[in-house]
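Student: I have a protein model open and I don't know how to read it. Can we go through it feature by feature?

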Amino acid sequence: MRLLARVTVLGAILACTTAARDPILVPEVSQHEVVVRTGFTGADLLLYGAVLQPDGTRAGQGSAYDIIVVLKGPSQPITLREKKRRLGMWINADSTSFRSAPSFYALASSRPLDDITDGKTRAIYELGLDWLQLSPIGSIDPTEQDHFARGLVDKRVAAGLYRQDESGVTISQDVLYQARIPLPSSVITGRYRAETFALKEGRVVASATSEVMVEKRGFERAVEVWSREDSFLYGIVAIMLSVGMGWIAGRLFSSG
């Protein structure tokens, strides 16, 4: 209902204007806030909305658009180390650091990306796992950079933190679209950016952005804040609790 109301109002406004020529996106997210509590097993987000013609009407036959939606988590620096077997032992060998790797990245599109647009456009808008701009720190051989970038992407795909579904967007009557994006339980807290792109003949003709907050509350939030503001004391208490739990477990097993 909320989306239909927005579409109706926007359509009335656009019908009174003639300057705009590109389509208008009206995006929405099923949850603008995801609360992480003890036992959190993940969440499913529905990214949906409408794409309208400049006059407020739906796209007609021959005017349909492709839709790509992207959900990005907060960027963070990361250092990757490659293990190699030497003298019968696995040791850390080469390493590289990236300045701004997305903590979470999910893309869904209405068709395969290669059928929608070219590599240049995908690079500009970071459309797809092959086009993430990870910003390596320092000088590094391009071949090595690609090697570590692929390693990072593969690792996060395996963890469910990166995904790409090239048939994940469904479009109804050339106007309404939707895509489901699963958030795994391991996502970090912070501000997530939901981006929607409408493309026609390989060109991005409209884009829109929404936000999703992933946050902790209650006891979990208090522990997170404490760990950041007084990390030394937090570490000591964590060690003491670990030792104490180990001692208690040892006593229980020995008495049995």
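Tutor: We will go from the overall picture to strands, core and charged pairs. Keep in mind that this is a predicted model.

Student: Let me begin with the overall picture. How many helices and strands does the protein have?

Tutor: There are 6 helices and 12 strands. The protein has 256 residues, and 37% of them count as buried. Its exposed area is about 15,100 Å², with carbon and sulfur atoms supplying 54% of that.

Student: What share of the contacts joins residues 24 or more positions apart?

Tutor: Among contacts with a separation of 6 or more, the share is 69%.

Student: Now the strands. How do I read a sheet?

Tutor: Start with the general idea. Strands of a sheet pair through backbone hydrogen bonds, either parallel or antiparallel. Now look at one case here. An open sheet is built from 4 strands in the order S1-S3-S10-S9, with antiparallel pairing.

Student: Which strands stand at the edges?

Tutor: Strand S1 (24-29) and strand S9 (170-172) do. Each has a single partner strand, so one side of each lacks a neighbour in the sheet. From one strand to the next, the twist averages 20 degrees.

Student: How many bridges join S3 to S10?

Tutor: Strand S3 (residues 43-52) and strand S10 (residues 176-183) share 8 bridges and run antiparallel. You can find one pair yourself: Tyr48 has Gln178 in S10 as its bridge partner.

Student: How should I think about the two faces of a strand?

Tutor: In a regular strand the side chains alternate between the two faces of the sheet. Try strand S4, residues 66-72. On one side are Asp66, Ile68, Val70 and Lys72, and on the other are Ile67, Val69 and Leu71.

Student: Are those faces of S4 covered or uncovered?

Tutor: Both faces are covered, and all of those residues are buried. Buried here means under 20% relative accessible area. With 7 of its 7 residues buried, S4 is largely enclosed by the rest of the structure.

Student: Which strands does S4 pair with?

Tutor: One partner is strand S11 (residues 190-200), joined to S4 by 7 bridges and running antiparallel to it. In S11, Phe197 is the bridge partner of Ile68. Strand S7 (residues 105-109) is also antiparallel to S4, with 5 bridges between them. There, Val70 has Leu107 as its bridge partner.

Student: Next, the core. What is the general idea?

Tutor: In soluble globular proteins, nonpolar side chains tend to be buried together. In this model, the largest nonpolar core has 53 residues. S12 gives the largest share of this core, 6 residues.

Student: Which members of the core touch the most other members?

Tutor: Ile68, Phe104 and Leu183 do. You have already met Ile68, on one side of S4.

Student: What does Phe104 touch?

Tutor: Leave out residues up to four places away in sequence. Phe104 then touches a list of residues including Leu71, Tyr162, Ile181, Leu183, Val187 and Tyr192.

Student: Let's turn to charged residues. How do I read a salt bridge?

Tutor: Side chains of opposite charge can pair when their charged atoms come close. A search of the whole structure gives 5 salt bridges. One of them joins Asp114 and Arg122, whose closest N and O atoms are 2.8 Å apart.

Student: Are Asp114 and Arg122 buried or exposed?

Tutor: Asp114 is exposed, at 64% relative accessible area. Arg122 is buried, at 8%.

Student: Which residue forms a salt bridge with Arg191?

Tutor: Glu211 does, with the closest N and O atoms 2.9 Å apart. Arg191 lies in S11 and Glu211 in strand S12 (residues 203-216), so this pair ties together parts 20 residues apart in sequence. Glu211 is partly exposed, at 39% relative accessibility.

Student: And what is the distance between Glu195 and Arg193?

Tutor: Their closest N and O atoms are 3.1 Å apart, and the two form a salt bridge. Glu195 is buried at 12% relative accessibility, while Arg193 is partly exposed at 41%.

Student: Last, a helix residue. Where is Val157?

Tutor: Val157 sits in helix H4 (residues 142-158). Its relative accessibility of 38% makes it partly exposed. Beyond its neighbours within four places in sequence, Val157 contacts Leu129 and Tyr162. Val157 and Tyr105 are 52 residues apart in sequence, yet 9.3 Å apart in space, C-alpha to C-alpha.

Technical notes: Residues numbered from 1 in each chain as written. Predicted model: local features only at pLDDT ≥ 70, side-chain atom pairs only at ≥ 80, totals over all residues. Heavy atoms only, no water. Buried < 20%, exposed > 50% of the residue type's maximum accessible area, 1.4 Å probe, protein only. Helix = DSSP H or I, 4+ residues; strand = E, 2+ residues; numbered from the N terminus. Pairing = 2+ DSSP bridges. Axes fitted to C-alpha atoms, helices over the stretch in contact; angles between N-to-C directions. Salt bridge = Lys/Arg side-chain N within 4 Å of Asp/Glu carboxyl O. Core = buried A, V, L, I, M, F, W, Y, C linked by side-chain atoms within 4.5 Å. Contact = heavy atoms within 4.5 Å. Areas by Shrake-Rupley, 256 points an atom, 1.4 Å probe, with all protein chains shown as cover.
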